[in-house]
Structure formats: C-alpha cells, structure tokens
Amino acid sequence: MKAAFFAQHGGPEVIEYGDRPTPEAQAGEALVQIKAAAVNRVDKWIRDGWPGLKLRLPHILGSDGAGVVSAVGQGVTRVKLGDRVAINTNLGCGKCERCLAGQDNLCLHWELIGETVDGTQAEYLAIPERQLLPLPAGFPFEEAAAAGLVFHTAWHSLITRGQLRAGESVLIVGAGGGVNTAAIQIARYAGCRVYVVGSNEAKLEKAQALGAEVLINRAQDDWGKKIFQLTDKRGVDVVVDNVGAATLMTSLRAVRRGGRVLTVGNTSGPKFEFDNRYLFSKHISLIGSTMGTWADFAQVMALVFAGKFKAPIDSFFPLAQTRAAHEKLERGDLFGKIVLTP
Ligand SMILES: [Zn+2]
C-alpha cells in the first residue's frame, strides 16, 4: 500500500511517501481502507522525536481518520465489509481494570494510534473493531477525520473532566488550533459565555463565527488585565489553556477564586514555573487530561454527525503531499485542520 512515513526523526523533510506492507486484520480486528486522515500537532512532535520515545521505524503517522471496512479478522461482530466508519484514536487494551471500568483513556497499556503504533496516513490500517464508530450514510469522511481527535479531546476536557455548567464563563487561550476551535463550540453548546484570546483579528473573527462572544487580541491587549476589567475583577469560571509555558501564569490570574484551569497540551513548551500561591490561595483546580473515553467519543461524534459541531478545515492535501502539509503546519498559517486524502 501507499503510505506517508518517516525512517528517522527530524523536520518535515524526513516525511516520505511510498510503499509499505499492507497490514492484515488479525482476530478481533478490521482492515479499514482510509478515505481521509487528519494532520495533528502531535504528528510534528512524534516526527521531531523526544528523549525516551521508542518507535519501530519506519513509522506511519496519523491519529484520526475515516474510511471503509475492507476486511475483517476472526470473531469480528460489530462491523462488516463495506461499513463506513470513523476511527477512535484512543487505543485501550480492552482488558485491564481501567478499560473494563469504561475508562479506556486511563488504560494501563494505553496507546495512541499514530504515536506508539502505525497510524492513519496510509491507504489501509488494521485496527481492533472496538475502535470503530459507524458513520451515518452520506456523512463526509473528511469531516469525520477532521473532527475525531480534536472534538474527542476537547469534550473529555471540558465536559467530562471540566464539568462545564450552563451560565459559566469560559476563557479559551488561543483561537486557531484544532482543539481550541472545538472547545469554543462545545463551551457555547454547553450554555457558557465564551471568551477567546487570539493573536490577530482574522483568527478572532473566525472564533466569533464559531460562538465566541468576547474577543481579546493579545497583540493589542494584556489579556490578563483585560479579563480582570471585563469581569469586574472577578475572573472567569474556567480557563482552557493548551499553550502552557507562555500563558499558564496569566491563566492562573484570569480564573476566579475556586475556578478551574483545564489543559490537554502545551504548544509553547512542556516545562514551566508557576507561583503556587495563586493555586492554593485562590482554590484553583488545575485539571489535566489527554484524549477521552469511548463514551466521550461516541457522544461528541453523535453531535458532529447531527451538525451541532464542525471542525473547521484549513486545507486538503493528497496523501502523497504529506510533507507539504507538515511544512504548512510548521509555518502555523492555518485555521483548523489539514486533511489528507489517499
Ligand atoms: Zn486497558
């Protein structure tokens, strides 16, 4: 089969396109012919590599995707040949105590498709059938692939872990990333007042179209102060901060006493210092998570299928041009997802 892969870590230039062995569906697995796969920021980090990361090279990236079941292994009962499916990238073992408790995101043998095992940026992927969610007739593969990882991640963070309540104020730090554009829609859907801090007017306008009510341009305003003014010194109930090093301290200032700061990542770097006095004296809950449970996936994708949520798609690239897609991701001149089509 054709696939995008890398045989050594490095910049976008290490991404190759060529032949890899077509996987076979083992017992309990389905072979999915991939019709669309999305590019995520995690792809860049895996491609760059980090100390301790051990991959079997060459490695195929791609954490979310959608396609058609083209073969099934022994004992498969949930899907059949020809089914259109979306792929849940959160790969639990299905057997450990956490998986059996319905918390497959806390699996003792947790894996992420495209990170620790080969991913969706290929013509085919063999995957346990429990990872597959049926797509409604006519629902575009591209939209399912674009929505998968980001809505799953944001839903688990805001709704399951963050326990958003109607009427709360939610500040989202960053306007353009996939998880943040999902978070804006989810917070609005949950009945919250959504504040967004963005780097420029164009991104803020798009955030507004997704449901953000209060827009703060960080190029013009000190956003910590601005939140303080806009909330009459109260602060917001919840801050969604997936930026990290550059912003967490301001997020701790911007949240109200007893508020929550949610994080699923750190696009500005993983290590940072913060003043612990803010955390304890303001009774702040700092809540981390990554990905989500099967129930989160099924719940949020049902809303995607119903047209309540939509992942903005920045651009489409043929799978053969995955390297160019990485170059665009590195430049950062995008709003929403890049979708690859084999
Ligand atoms: Zn498990």
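**Exercise 1. Locate K328 in this predicted model and decide whether K328 is buried or exposed.**

Step 1. K328 belongs to helix α10, which covers residues 322–331.

Step 2. The relative accessible area of K328 is 14%. Buried means under 20%, so K328 counts as buried.

Step 3. Beyond its neighbours within four places in sequence, K328 is in contact with D314, S315, F317, D333, L334 and I338.

**Exercise 2. Describe the surroundings of V339, and state how far V339 is from D221.**

Step 1. V339 sits in strand β17, residues 337–341.

Step 2. With a relative accessible area of 0%, V339 is buried.

Step 3. Setting aside neighbours within four places in sequence, the contacts of V339 are A36, A37, A38, E142, A146, I313, S315, F316 and F317. S315 and F317 also appear among the contacts of K328.

Step 4. D221 is 118 residues from V339 along the chain, and the C-alpha atoms of the two are separated by 33 Å.

**Exercise 3. Determine which residues touch T181, and whether T181 is buried or exposed.**

Step 1. Helix α4, residues 178–189, holds T181.

Step 2. The relative accessibility of T181 is 1%, so T181 counts as buried.

Step 3. Not counting residues up to four places away in sequence, T181 touches A175, G176, L210, P312 and F335.

Step 4. F151 lies 30 residues from T181 along the chain, with a C-alpha separation of 8.9 Å.

**Exercise 4. Identify the residues that touch the most other members of the largest nonpolar core, and find the helix that gives the most to this core.**

Step 1. The largest nonpolar core has 65 residues; F151, V196 and M301 touch the most other members.

Step 2. Helix α3, residues 141–161, gives the most to this core, with 11 residues.

Step 3. A second, separate core has 19 residues, including L171, I216, W223 and L252.

Step 4. Beyond four places in sequence, V196 is in contact with L171, I172, G174, A175, I184, L204, A207, A212, V214, L215 and I216. Two of these contacts, L171 and I216, are listed in the second core.

**Exercise 5. Examine the backbone at P58, H283 and M291.**

Step 1. Begin with the general expectation: most residues other than glycine have a negative phi, and most peptide bonds are trans.

Step 2. The peptide bond between L57 and P58 is cis, with omega about -5°. P58 lies in the loop between α1 (41–48) and β4 (65–72).

Step 3. H283 is not a glycine, yet has a positive phi of about 55°. The loop between α8 (276–281) and β15 (285–288) contains H283. At 58% relative accessibility, H283 counts as exposed.

Step 4. M291 also has a positive phi, near 55°, and is found in the loop between β15 and α9 (294–305). At 4% relative accessibility, M291 counts as buried.

**Exercise 6. Judge whether the protein chain is as compact as a globular protein of its length.**

Step 1. The protein chain contains 10 helices and 17 strands.

Step 2. The radius of gyration is 20 Å, close to the 20 Å that the globule rule gives for 342 residues, so the chain is as compact as a globular protein of that length.

Step 3. Along the principal axes, the C-alpha atoms fill a box of roughly 60 × 40 × 40 Å.

Step 4. Of the 342 residues, 53% count as buried. Among contacts between residues at least 6 apart in sequence, 69% join residues at least 24 apart.

Technical notes:
Residues numbered from 1 in each chain as written. Predicted model: local features only at pLDDT ≥ 70, side-chain atom pairs only at ≥ 80, totals over all residues. Heavy atoms only, no water. Helix = DSSP H or I, 4+ residues; strand = E, 2+ residues; numbered from the N terminus. Rg over C-alpha atoms; globule rule 2.2 N^0.38 Å. Buried < 20%, exposed > 50% of the residue type's maximum accessible area, 1.4 Å probe, protein only. Contact = heavy atoms within 4.5 Å. Core = buried A, V, L, I, M, F, W, Y, C linked by side-chain atoms within 4.5 Å.
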